[in-house]
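I opened the notebook today to look up how the ligand is held in this model. I start with the pocket and turn to the chain afterwards.

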Amino acid sequence: MSLNLNLIPRLDNIDPNEKFDTIIIGLGPAAYSAALYAARYMLKTLVIGETPGGQLTEAGEVDDYLGLIGIQAMDMIKTFNSHVEKYKVPMLMDRVESFKQEGDSYVVKTKRKGQFRASTIIVAVGTKRRKLNVPGENEFLGRGVSYCSVCDAPLFKNRPVVVVGGGNSALDGAELLSRYATKVYLVHRREEFRAQPIIVKLVKEKSNVEMLLNSVVKEIRGDKLVRKVLIENLKTGEVKELDVNGIFVEIGFEPPKEFAKLNGLEVDEQGYIKVDEWTRTNLPGVFAAGDCTNTWIGFRQVATSTAMGAVAAHSAYNFINEKKGKT
Ligand code: NAP
């Protein structure tokens, strides 16, 4: 799912030699928040990202962001976007390939629109979906294998499906799918869930959801479409064949390890970008915010991302002023 938000890529006005105070890499909640705060600090700002809203494009209703009661994720993205547009921050839809320090600037190379320079960088690139890595997963992608319940649930009306995972995404997905599918098997490798208790309770109450705990997916089979998913019970070793037409893999996200490595950013043991409480990375003038970072022990929420985005803009502002003070 993507949004056409009429971003303002006022590229005609951007002289390639123009130097920005900060370039924000990403277009998710952390990036939008950083852009808003940077604009209010009157930093000359450019936002470059691929998907307005980032991972939020894959969410349905969001009811855990203070003040926006039961808002649809798409409306939330539009709200964030309008707020940044109000400050006329140029936003460019492109992929950042890399950035490197040249003198007192960072040069940011994009895939399509060339390169841009800035004194500071705010990295808010989010994360990528984790895969199961089982036979059939790649083969049946788009033919029954999905990574986004919110996007694809209606396609499985009156069909049985599997949802894999024990986090908020899987439980939200199971709840949503229970409204379309005839039967939802929720497969989770442990007995306890990571998801918020309120959603676990809701899913447990659904009469057409069956929980298969301590269980993992071994294989996905089918012809043109998915027909069977093989599930192994890790306690008994028993393998069950489920007759289903869809499998939703909602097992979390992978940090942007390669991007971090390419650009010399230090990461933690899992590959998340290491930042301190002021969102500083190991590189001077480079800050990072949101899901791609290692803070708050993996508590990745829209609220925590927007908070970090604000802190990152504040830190970029301080960095620039401290530098000015020294010259
Ligand atoms: P997550 O919280 O990382 O959970 C991933 C789940 O998948 C875990 O239960 C994990 O099992 C399981 N898993 C991981 N690798 C697996 C594998 N190879 N095979 C089988 N199972 C595997 O991911 P998420 O649910 O996608 O959520 C990502 C972030 O977004 C979280 O911070 C979450 O809170 C946030 N989010 C929030 C909301 C909300 O607030 N409403 C909604 C969606 C997402 P273990 O538990 O055993 O590790």
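Entry 1, the shell. The model is a predicted one, and I first looked up which element gives the largest share of the shell around the ligand: helix H4, residues 168-177, with 3 residues. In total I found 19 residues surrounding the ligand, and the closest are Asp64, Asn168, Ser169, Arg190 and Arg194. Sorting the shell by character, I noted 10 polar, 7 charged and 2 nonpolar residues.

Entry 2, contacts to oxygen atoms of the ligand. For Ser169, I noted that a polar side-chain atom lies 2.7 Å from an oxygen atom of the ligand. For Arg194, an N or O atom of the side chain is likewise 2.7 Å from an oxygen atom of the ligand. Arg300 makes its approach through the backbone, where an N or O atom lies 3.1 Å from an oxygen atom of the ligand. I then looked up the cover, and the protein takes up 79% of the 900 Å² of accessible area that the ligand has on its own.

Entry 3, position among the domains. I asked where the ligand lies relative to domain 1 and domain 2. Both domain 1 (5-128 + 254-326) and domain 2 (145-249) give residues to the shell, so the ligand lies between them.

Entry 4, the record. An unreviewed UniProt entry carries the annotation "domain: FAD/NAD(P)-binding" over residues 20-306. In the model that span is 31% strand and 21% helix, and its end C-alpha atoms lie 22 Å apart.

Entry 5, the whole chain. I counted 7 helices and 19 strands in the protein chain. Its radius of gyration is 22 Å, close to the 20 Å that the globule rule gives for 327 residues, so the chain is as compact as a globular protein of that length. Along the principal axes, the C-alpha trace spans about 70 × 35 × 35 Å.

Terms used: Residues are numbered from 1 along each chain as its sequence is written. This is a predicted model: local features need pLDDT of at least 70, side-chain atom pairs count only at pLDDT 80 or more; totals for chains, interfaces and linings use all residues. Side-chain values use heavy atoms; hydrogens and water are left out. A residue is near a molecule or strand if one of its heavy atoms lies within 4 Å of it. A polar contact is a pair of N or O atoms within 3.5 Å; within protein, one must be able to donate a hydrogen and the other to accept it, and residues adjacent in sequence count only if both atoms are side-chain atoms. Accessible areas come from the Shrake-Rupley method with a 1.4 Å probe; for residues, only the protein chains shown count as cover. Helices (H or I, at least four residues) and strands (E, at least two) are DSSP runs, numbered from the N terminus. Ala, Val, Leu, Ile, Met, Phe, Trp, Tyr, Cys and Pro count as nonpolar, Asp, Glu, Lys and Arg as charged, and the others, Gly among them, as polar. Domain bounds come from an automatic or database domain assignment. UniProt positions are given in the numbering used here, feature names are shortened, and annotations may be inferred rather than shown by experiment. The radius of gyration is taken over C-alpha atoms; the globule rule is 2.2 Å times the number of residues to the power 0.38.
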